[in-house]
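Q: Hey, I'm new to this one. Can you walk me through it?

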Amino acid sequence: GEKAQIAVFRAPDLGETGNVPVARVLEALRPHDVVGVDTAGLTELSVTRASRVIGSTEIRGRIAEIMAERLRITGVNNVALTLDVSLSAIHLDPSDSGPLAAIRVNVDPRGGRFDIVFRTSGAPLRITGIAAEAFDAVVATRSLARGEVLRSGDVVIEKRPKTEMQSENLRDLSAAV
């Protein structure tokens, strides 16, 4: 009835599950004159708080979009990011359906150093790191000895920051092999 809206326990954090013994729930309901509850033999309740999950890949993608625009890099896939801390998924209120919005962006265009603060339904999310233009480069998949013959499985194409590139870097697998 009307007592269904009375909060007796704190909800778990977004995306988390909390467990409460049924005896504690009944104890918390007594002061509100809720008695005679049929527990159907339950001994514990589990409550999971719904959330909208934004994964680290989506966060990195949003940072790359911002950096491509600010550093005038053609294409989001041509942005190499080095973050100061590893990213993990964040949980937002399910009603927060909008895009991950940056409320503050500071970028040093010479070195690519950035400091971005995203708005979330919880605490703001601050991410710092370095962004640079990236190009395809041939990279060894294992340690190679001088003069060793390369085979096709010894090299792959990876995006590398422009600052790591030299003018003679190979960008074609067949040319490297």
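Here is a short chat about the helices, the core and one loop residue.

Q: What kind of model is this?
A: This is a predicted model, where local features need pLDDT of at least 70 and side-chain atom pairs count only at pLDDT 80 or more, while totals for chains, interfaces and linings use all residues. Residues are numbered from 1 along each chain as its sequence is written, and side-chain values use heavy atoms, leaving out hydrogens and water.

Q: Let's start with α2. Which of its residues are buried?
A: Ile59, Ile63, Ala64, Ile66, Met67 and Ala68 are buried in α2. Buried means under 20% relative accessible area, exposed over 50%, and partly exposed in between (1.4 Å probe, protein chains only). Helices (H or I, at least four residues) and strands (E, at least two) are DSSP runs, numbered from the N terminus.

Q: And what do those pack against?
A: The buried residues of α2 pack against β3 (52–54), β4 (79–83), β5 (90–92), β6 (101–107), β7 (113–119) and β8 (125–140). Contact here means heavy atoms within 4.5 Å.

Q: Cool. Which residues touch the most others in the largest nonpolar core?
A: Ile63, Met67, Leu81 and Phe114 do, out of 22 residues in that core. The largest share of this core, six residues, comes from α2. A nonpolar core is a set of buried Ala, Val, Leu, Ile, Met, Phe, Trp, Tyr and Cys residues joined through side-chain atoms within 4.5 Å.

Q: What does Phe114 touch?
A: Not counting residues up to four places away in sequence, Phe114 touches several residues, including Ile63, Met67, Leu81 and Ile130.

Q: Switching to α1: which residues are buried there?
A: Val22, Val25 and Leu29 are the buried residues of helix α1 (residues 22–29). Down the axis of α1 they fall within an arc of 55°, so they line one face of the helix. That arc is taken from the directions from the helix axis to the C-beta atoms.

Q: What's on the face turned away?
A: Ala23 and Glu27, both exposed, sit on the face of α1 turned away from its buried side.

Q: One more: is Asp154 buried or exposed?
A: Asp154 counts as buried, because its relative accessibility is 8%. Asp154 is found in the loop between β8 and β9 (155–161).

Q: Which side chain does Asp154 join by a polar contact?
A: The side chain of Arg142, at 2.9 Å. A polar contact is a pair of N or O atoms within 3.5 Å; within protein, one must be able to donate a hydrogen and the other to accept it, and residues adjacent in sequence count only if both atoms are side-chain atoms.
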